[in-house]
Amino acid sequence: MGKIRSFVLVTIALIMSRESWALENVNCLREQERLRAQVHQLETRVKQQQAMIAQLMHEKEVQFLDKGPEDNFIDLGGKRQYADCSEIYNDGFKQSGFYKIKPLQSQASFSVYCDMSDGGGWTVIQRRSDGSENFSRGWNDYENGFGNFVRSNGEYWLGNKNLNLLTMQGDYTLKIDLTDFEKNSRFAQYKHFKVGEKKSFYELNIGEYSGTAGDSLSGTFHPEVQWWASHQRMKFSTWDRDNDNYNGNCAEEEQSGWWFNRCHSANLNGVYYQGPYTAETDNGVVWYTWHGWWYSLKSVVMKIRPNDFIPNII
């Protein structure tokens, strides 16, 4: 009888031990699952934070991303605040270079290249020179500005917010200097250049044309194409903010931000090819009335100055 009782007790002990082991095993598996879930959650958070940091860095890639030593800027000694480069020129500073300006309605000053040649006082708002800068960018970059604000021939876009602040404070002339790969140069000039405010999607307004490159911005080169080729009163478009009149997305196809219509007869922010090119679309640095759609220009400078500018020669 004692043996039977001992056997039963041992059996019960083994069963309980087994059940305890099984329970511990289940708990262990649950704990592993919980830890895996925590690790996965942490990895997800890290990835989200990395993506957020990358996005913030991308959006903040504005004027001073490429900032070098302060001596790249011409120090005016805090003499006064200037609304544009024409005021700097007429205050006696005749050297071309980077200066700080503060348009009348601007909350902060910003760096801009002042072209003191060609009669002086020009505020450069865009430059293409060597293809070193990526102009296939989204709305935030084009709104805030991007590029190299250190090198005198660095590529940049001053930013639609700044273009609005500059052109709303007076009546400006836009001059566009163009150069091809055969060392030829032309220019196009427009009076009454204005870039609208944000709620108008930075609408483009231009007036009377003069120059040697032809009128590609207003599309007057042929009346039958003006309805789709003109950039007059077009809203600004980027690949992520489609404001054109085309069924598709011009900015996405042309890989740039611009005042597209259906799509363009001028696109100075296009892909930097070297002269004649072939591509799925005419997405080069194009000024149609000079070299057509399938020639990408070597250099472009877009610059503005008040219509009534009178240079101070003293």
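Q: How much surface does the protein expose, and what share of it do carbon and sulfur atoms supply?
A: In this predicted model, the exposed area is about 16,900 Å², and 53% of it is supplied by carbon and sulfur atoms.

Q: And what percentage of the residues count as buried?
A: The figure is 43% of the 314 residues in the protein.

Q: How many helices and strands are there?
A: The protein has seven helices and 14 strands.

Q: Of contacts with a separation of 6 or more, what share comes from residues 24 or more positions apart?
A: Such pairs make up 56% of those contacts.

Q: Switching to the largest nonpolar core. Which residues touch the most other members?
A: Those are W157, I176 and W287, in a core of 59 residues.

Q: Take I176. What is it in contact with, leaving aside neighbours within four places in sequence?
A: I176 contacts R186, F187, A188, Y190, L217, L268, W287, V300, V301 and M302. W287, another of the three residues that touch the most core members, is on that contact list.

Q: Now strand β14. Is it mostly covered or mostly open?
A: Strand β14 spans residues 299-306 and is mostly covered, with seven of its eight residues buried.

Q: How many bridges join β3 to β14, and how many join β6 to β14?
A: β3, residues 122-128, is joined to β14 by five bridges. For β6, residues 172-179, the count is eight. β3 runs antiparallel to β14, and β6 also runs antiparallel to β14.

Q: Which residues in β14 do R127 and L174 stand opposite?
A: R127 faces V301, while L174 is across from I304.

Q: Charges next. How many salt bridges does a search of the whole structure find?
A: The search gives 13.

Q: Which residues are linked in a network of salt bridges?
A: One such network links D115, D118, K175, D177 and K303.

Q: Start with D115 and K303. What's the N to O distance?
A: Their side chains meet at 2.8 Å, N to O. D115 sits in strand β2 (residues 110-115) and K303 in β14, so the salt bridge ties together parts that are 188 residues apart in sequence.

Q: Are D115 and K303 buried or exposed?
A: D115 is buried, at 11% relative accessible area. K303 is buried as well, at 1%.

Q: Which other salt bridge does K303 make, with which residue of β6?
A: The side chain of K303 also meets that of D177, at 2.8 Å, N to O. D177 is in β6 and K303 in β14, 126 residues apart. D177 counts as partly exposed because its relative accessibility is 22%, and the buried class stops under 20%.

Q: What about D118 and K175, how far apart are they in sequence?
A: Their side chains form a salt bridge at 2.7 Å, N to O. D118 is in the loop between β2 and β3 and K175 is in β6, so the pair connects parts 57 residues apart in sequence. D118 is partly exposed at 35%, whereas K175 is buried at 10%.

Q: Last one, N267. Where is it, and is it buried or exposed?
A: N267 lies in strand β10, residues 266-267. N267 is buried, with a relative accessible area of 0%.

Q: What does its side chain make a polar contact with?
A: The side chain of N267 makes a polar contact with the side chain of S256, at 3.1 Å.

Q: Which residues is N267 in contact with, beyond four places in sequence?
A: They are E254, S256, W258, F260, G284, V285 and V286.

Terms used: Residues are numbered from 1 along each chain as its sequence is written. This is a predicted model: local features need pLDDT of at least 70, side-chain atom pairs count only at pLDDT 80 or more; totals for chains, interfaces and linings use all residues. Side-chain values use heavy atoms; hydrogens and water are left out. A nonpolar core is a set of buried Ala, Val, Leu, Ile, Met, Phe, Trp, Tyr and Cys residues joined through side-chain atoms within 4.5 Å. Buried means under 20% relative accessible area, exposed over 50%, partly exposed in between (1.4 Å probe, protein chains only). Contact means heavy atoms within 4.5 Å. Helices (H or I, at least four residues) and strands (E, at least two) are DSSP runs, numbered from the N terminus. Accessible areas come from the Shrake-Rupley method with a 1.4 Å probe; for residues, only the protein chains shown count as cover. A polar contact is a pair of N or O atoms within 3.5 Å; within protein, one must be able to donate a hydrogen and the other to accept it, and residues adjacent in sequence count only if both atoms are side-chain atoms. Two strands pair if DSSP finds at least two bridges between them. A salt bridge is a side-chain nitrogen of Lys or Arg within 4 Å of a carboxyl oxygen of Asp or Glu.
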